[in-house]
Amino acid sequence: MTTVEKAPPVSQREVGLLRRPRATTGFASWLTTVDHKKIGILYVCTALVFFVLGGVEALLIRLQLFGPNGTVLTAGQYNQMFTMHGTTMVFLVGMPIAIGLGNYFVPLQIGARDVAFPRINMFGYWVVLLGGIFMYSSFFLGGAPDGGWFGYTPLTSAPLDSGFLPGRGPDFWTMGLILLGVGSTTSAINFIVTCINMRCPGMSLLRMPVFTWMMLVIAFLTLFAIPPVTVALTMVFFDRNFGTLFFDPAAGGDPLLYQHLFWIFGHPEVYILILPGMGIVSETLPVFSRKPLFGYAIVVFSGIAIGFLGWGVWAHHMFVTGLGPVAISAFGLATMLIAIPTGVKIFNWLGTVWGGSVRLTTSMLFSLGFIAMFTIGGLSGVMHSVVPADTQQTDTYFVVAHFHYVLFGGLILALFAGFYYWYPKVFGRMLDERMGKLNFWTMFIGFNLTFAPMHFLGLWGQPRRTYRYDEGLGWETLNQLVTVGSFIIAFSVLVFIVNAVVSKSRGQVAGDDPWDGRTLEWSISSPPPEYNFAEVPEVHSRDDFWHRKYTEDDEGRLVPLPSGGAEAHAAAGHDGHGIHLPSPSYFPLVTALGLPILGYAAVFQNVWIALLGAVVLLYGIYAWAIEPAD
Amino acid sequence: MAIIEQTDLTPAPPSPPEPGHDHGGHGGPGPSAALTNPKLAMWLFLASDCLFFGAFISAYLLYRGREQDGPTPRELFDIPFTSATSFILLMSSLGMVLALAAIQRGDHRRFRLWIMATALFGATFVAGQIFEFTEFSRKGLSLDTNLFGSSFFVLTGFHGAHVCMGILWLLSLWGMSTQGRLGPEKAESVEIAGLYWHFVDVVWIVIFTVIYLMPQPGT
Ligand code: HEM
Ligand SMILES: [Cu+2]
């Protein structure tokens, strides 16, 4: 070697067995990418697959309940279906879609070229995917979880040989959720550091778009909500497998401890699910009304207030466990209080639309649908906070109706609003609006057919989580209606999938800014270049991109600026050379692979598998640590 | 409403000059980077871990004095012994401080000395814990004996696992230093390991107080 040759730059040095991957296209690139945009796409696509799985489970539940004394499922299978349905929808659909959209759009909205920790970001994705596969593999390895999505003790914690939940399902469930918790904690840390440290010049906190704000709030909620449930699940696992007595009443243990720990996580969790939805409509409503968000600061602060108050209401899930009148009055009151910041937001959204020049695009329809359905779900939520009423409603279909109005009518409708809004940015083509309208109306009608009758069924006494009902109770007609409704929803989801696949190649070309947007992601090309921003933008106001395009005349009318979006065009001339991006890496995948292996080791209590898992994990961590960061 | 919209138009605070576009912005200080990315991340993780221990400690407190049969804490604890190993763990934090100071000066010999001492102190603590566990089980306490056994072993066991993880981390830093992979630009990674190590120590102070020092309930 002569002195003329330069030593290879650090990033090209090879480490360990695996050579540093270079490809940025093709299949392998998806395994090793650290680009937050690709990771975002992976999250959303994965979650949509789980959405279909969870949906199929729901349809089976509904087929079983179509008529009295259904025979589609056995009692045991039914238990597996509602448990996996709930678990899937919460942990493998709701959270990952939000994290995926956040991954894609938070850096774009704050003018950053990537997230703070690109490799940890990818690690989080792999953990979610592998955790989901781990949990679903239980179907083939001795039975799926069947203790309900909140897995109450002592049912779930009774020792394995007690015969209560004889399969391996509950162990897959505890280990799977612990795994997913690791993934969500890492992505929460990543989001917080990104939002705090990576904002572009001028992007003060109170100029951050509301969607980004809500992702920041839920990152904090995730960070503090996961540990209590991890502890609770660990105790359940030990009780079942190693003979500890945490939840064994006969030995003095307290099953209610589990409920407290679970709901200290569980209530913040429902805000983790809904706040991103609120963030999305706070982006779409202003754009499609051509008005700024009405009361930005109030929307942000009520989001934060919800985040704080959310920690003080967990026991409203435990009103009938005998906590005593003082405790339940306090928690009932706190629950009513939390409705205030929520109600405030609803008025903010209405104020945004009011008097605007509204464009009824599919995204806008979903956003408006969100407001209406979420309001209904919120109202039945306030009904639950009234303890005597809740005592009547708890564990009936009324509760099922309530939380589907907030989760489906709230979260899912908002996510679809987000899909139609952001798809053009991600793929450079518009989703078809005609199919979109079909998608919206079938979903809206199907949703209400499915879940509105459940209010009545619940008040008439139909219990939830019960695999059949007798004839002659007067529940037949409505149950049939519900099942028909659920198939209309399924059709609607199918329409969306077709639309998404077809539009990717045939959709109308979108251009950079198809909706006349307000936030930074619309200032760059669609799809965005790998480095996002050729020049790191500098922001001078909230909705900066809008103010680059429009100004107001003396009467407050909008006047387009002749140079509208000029910076974007100037930047287009820049070819992005010399922008250094982090290199792809195998090790997030390798490290993440270690975790489910350890999970299997725990479930089957096999030392050899544990050893293998530990070796994979440690190899991944060390190779990762030695590999240069970029 | 008018007031709120007004704030849209306030001028931006003075922003630092554009740093050029050489890097993807990694680790680069944003508008308010009081802490670098890795350090902030570590603090956040520790905040989260606080709740992990907090939940186990709450469970322990809830179940204090509820054991129905089998040995009780009073019969088992050897306070002088555990105090001694706890003291050793606390002293290891001093070693960590000295190791960090050494690496920041670029003094690798001292750094390796102190980081190794820290790890050994930690290992002594873990050895003490293993001894204690075997002692207890010889006297008839195991996970499934009573609630005390369950909550004691699980809480202190998870703390011990944290210490073991820390020891592995310290030894890795030691190894990296011998291979010359721990340049001055990596001093921060020692600092971050230090944050973790001190945290594990502080948690032990709480656990030690709750388990051993608080007056035992019951007769
Ligand atoms: C296709 C649309 C859906 C239908 C037809 C549906 C139907 C159902 C039904 C009938 C139950 C009650 C089972 C029982 O108690 O016996 C249920 C439970 C549940 N659903 Fe859905 N659902 C749908 C979508 C969703 C979505 C989008 C989410 C959340 C994001 C969700 C979350 C849950 C949860 C958490 C449970 C409770 C599970 C348990 O009791 O352990 N569902 N669903
Ligand atoms: Cu709640």
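The copper ion (ligand 2) has donor residues spaced H-x48-H-H in sequence. This is a predicted model. The protein donors are A:H267 through ND1, A:H316 through NE2 and A:H317 through NE2. They lie 1.7 to 2.0 Å from the copper ion. A:H267 sits in helix α7 of chain A, residues 255-289. A:H317 sits in the loop between α8 (296-309) and α9 (325-353) of chain A. The pair therefore ties together parts that are 50 residues apart in sequence. The two donors also differ in burial class. A:H267 has 5% relative accessibility, so it counts as buried, being under the 20% cut-off. A:H317 has 29% relative accessibility, so it counts as partly exposed.

Turn next to ligand 1. There are 24 residues around ligand 1. Those that come nearest are A:Y78, A:H85, A:W149, A:H404 and A:R465. Polar side-chain atoms of three of these residues can be placed against particular ligand atoms. A:Y78 puts a polar side-chain atom 2.5 Å from an oxygen atom of ligand 1. A:H85 has a side-chain N or O atom 2.8 Å from a nitrogen atom of ligand 1. A:H404 brings a polar side-chain atom to 2.7 Å from a nitrogen atom of ligand 1.

Which helices of chain A each supply at least two residues of the shell around ligand 1? They are α2 (36-64), α3 (75-109), α12 (397-427) and α14 (476-506). Helix α12(A) gives the most, with seven residues. By residue class, the shell holds 15 nonpolar, six polar and three charged residues.

Helix α2(A) deserves a closer look. Its 29 residues should span 42 Å at 1.5 Å a residue. Its end C-alpha atoms are 42 Å apart, so the geometry agrees with that expectation. The N-terminal end of α2(A) is capped by A:D35. A side-chain oxygen of A:D35 lies 2.8 Å from the backbone nitrogen of A:K37. Further along, A:V56 is found in α2 of chain A. A:V56 has 42% relative accessibility, so it counts as partly exposed. A:V56 also leads back to the ligand shell. Its C-alpha atom is 8.5 Å from that of A:H85, although the two residues are 29 apart along the chain. A:H85 is one of the residues that come nearest to ligand 1.

Now the cysteines. A disulfide is a covalent bond between the sulfur atoms of two cysteines. How many disulfides does the structure hold over all chains? The count is zero. A:C195 is in no disulfide, and the nearest cysteine sulfur, that of A:C200, is 12 Å away. The cut-off for a disulfide is 2.5 Å between sulfur atoms, so a separation of 12 Å does not qualify. A:C195 has 0% relative accessibility, so it counts as buried. A:C45 has 44% relative accessibility, so it counts as partly exposed.

The backbone of chain A has some points to check. The peptide bond from A:T153 to A:P154 is cis, with omega near 0 degrees. A:P154 is placed in the loop between α4 (118-137) and α5 (169-197) of chain A. A second cis bond runs from A:S526 to A:P527, with omega near -10 degrees. A:P527 belongs to the loop between α14 and α15 (544-549) of chain A.

That loop holds further backbone features. A:N532 lies in the loop between α14 and α15 of chain A. A:N532 is not a glycine, yet it has a positive phi of about 65 degrees. Is A:N532 buried or exposed? At 1% relative accessibility, it counts as buried. A:D543 is placed in the loop between α14 and α15 of chain A. A:D543 has a positive phi of about 50 degrees, although it is not a glycine. At 16% relative accessibility, A:D543 also counts as buried, because the cut-off is 20%.

Chain B remains. It has seven helices and zero strands. From the N terminus on, its elements run α-α-α-α-α-α-α. Chain B has 219 residues, and buried residues make up 44% of them.

Definitions and conventions. Residues are numbered from 1 along each chain as its sequence is written. Chains are lettered from A and ligands numbered from 1 in the order in which they are written. This is a predicted model: local features need pLDDT of at least 70, side-chain atom pairs count only at pLDDT 80 or more; totals for chains, interfaces and linings use all residues. Side-chain values use heavy atoms; hydrogens and water are left out. A residue is near a molecule or strand if one of its heavy atoms lies within 4 Å of it. A polar contact is a pair of N or O atoms within 3.5 Å; within protein, one must be able to donate a hydrogen and the other to accept it, and residues adjacent in sequence count only if both atoms are side-chain atoms. Helices (H or I, at least four residues) and strands (E, at least two) are DSSP runs, numbered from the N terminus. Ala, Val, Leu, Ile, Met, Phe, Trp, Tyr, Cys and Pro count as nonpolar, Asp, Glu, Lys and Arg as charged, and the others, Gly among them, as polar. Donors are N, O and S atoms within 2.8 Å of the metal (3.2 Å for Na, K and Ca); water is not among the atoms, so sites may look incomplete. Buried means under 20% relative accessible area, exposed over 50%, partly exposed in between (1.4 Å probe, protein chains only). The expected span of a helix is 1.5 Å times one less than its number of residues.
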